[in-house]
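These are my notes from a session spent looking up values in one model. I went from the charges and the overall fold to single residues.

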Amino acid sequence: MSQSTMPAYITSLIRHFEDLRDGTHGGSASREDKEGHFGKAVELLTPVARQVLKEMNTSLLCDTGQVTESGLRRTSDGGLNASWTLTWPEQRAAGIEPIVLQAYFGAGFHHPHLRGTTVRDWPLNVFGEEDAAAQLSILRAIASSDLHNLASLRTIGSFLR
């Protein structure tokens, strides 16, 4: 199977393993260059992450939720992070964590990852619009898993259609 016909998640894993083998990310070896790739990836992922959370808000929460985003920021450990968050009244009242999609590049990491509130570390290999669009199913899986892991019947039963 050629790389052009491989599913996006397989291509992402192959890039991840190549990065680990070579100590690079997107062909870059320096932290500064890798962070440049990460900043661009966050820009490209933003509309995809928003789409996923808006789908959940519309389809599951009857548009009672709110989607917010952090923008690119430096973390306390010197890494970089960007997040997109879905909150809703029942979730806040119950004191459970929101649904969060994160792009995360830890200070000690060789390359960045995607993660959720409860779902951890999926390789983040986004270098163009096509790569970002291919993350849609991965971001949907992360958000859906988080909803499953975080929400109780008490908090979701009142708004499911």
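I started with the charges of the chain in this predicted model. There are 15 positive and 18 negative charges, and I asked how far apart their mean positions are. The answer is 5 Å.

**Fold and dimensions**

I then looked up the secondary structure, and the chain has 6 helices and 6 strands. Their order along the sequence is α-α-β-β-β-α-β-β-β-α-α-α. The radius of gyration is 16 Å, and the globule rule gives 15 Å for 161 residues, so I noted the chain as being as compact as a globular protein of that length. For the extent of the C-alpha trace along its principal axes I wrote down about 50 × 40 × 20 Å.

Next came burial and surface. I found that 45% of the 161 residues count as buried. The chain exposes about 8200 Å², and 53% of this area comes from carbon and sulfur atoms. I also checked the contacts with a separation of 6 or more: 58% of them join residues 24 or more positions apart.

**Helix H2 and the loop after it**

Helix H2 covers residues 31–60, and I looked for a bend in it. Where does the kink lie? I found it at Leu45, with an angle of about 40 degrees, shortly before the proline Pro47.

I also picked Lys40, which is in helix H2. Its relative accessible area is 43%, so I recorded Lys40 as partly exposed. Lys40 and Phe127 are separated by 87 residues in sequence, while their C-alpha atoms are 7.4 Å apart in space.

After H2 I checked the backbone angles. Cys62 follows H2 and has a positive phi. The value is near 50 degrees, and Cys62 is a residue other than glycine. Cys62 sits in the loop between H2 and strand S1, the latter being residues 66–69. With a relative accessible area of 38%, Cys62 is partly exposed. Asp63 is in the loop between H2 and S1 too. I read its phi as near 60 degrees, again a positive value in a residue other than glycine.

**Strands S3 and S4**

I took one residue from each of these strands. Thr85 belongs to strand S3, residues 80–87. Is Thr85 buried or exposed? Its relative accessibility is 14%, so Thr85 counts as buried, the cut-off being under 20%. I then listed its contacts, leaving aside neighbours within four places in sequence. Thr85 is in contact with Leu53, Gln66, Val67, Thr68, Pro98, Ile99 and Val100.

Leu101 is in strand S4, which runs over residues 99–105. I found a relative accessible area of 0% for Leu101, so it is buried. What does Leu101 touch, not counting residues up to four places away in sequence? The list holds Ala49, Val52, Leu53, Ala82, Ser83, Trp84, Arg115, Leu139, Ile142 and Ala143. Leu53 is thus among the contacts of Thr85 and also among those of Leu101. As a distance check I took Leu101 with His16: they are 85 residues apart in sequence, and 19 Å separates their C-alpha atoms.

**Helix H1 and the segment before it**

Last, I went to the start of the chain. Pro7 is placed in the segment before helix H1, which spans 8–22. Its relative accessibility is 34%, so I noted Pro7 as partly exposed. How far apart are the C-alpha atoms of Pro7 and Ala134? They are separated by 8.7 Å, with the two positions 127 residues apart along the chain.

Ile14 lies in helix H1. I read a relative accessible area of 24% for Ile14, so it goes down as partly exposed, since buried requires a value under 20%. For Ile14 and Arg74, 60 residues apart along the chain, I recorded a C-alpha separation of 28 Å.

Note on methods:
Residues numbered from 1 in each chain as written. Predicted model: local features only at pLDDT ≥ 70, side-chain atom pairs only at ≥ 80, totals over all residues. Heavy atoms only, no water. Helix = DSSP H or I, 4+ residues; strand = E, 2+ residues; numbered from the N terminus. Rg over C-alpha atoms; globule rule 2.2 N^0.38 Å. Buried < 20%, exposed > 50% of the residue type's maximum accessible area, 1.4 Å probe, protein only. Contact = heavy atoms within 4.5 Å. Areas by Shrake-Rupley, 256 points an atom, 1.4 Å probe, with all protein chains shown as cover. Lys, Arg positive; Asp, Glu negative; His and termini not counted. Charge placed at Lys NZ, Arg CZ, Asp CG, Glu CD. Bend = angle between axes of the 7 residues up to and from the residue.
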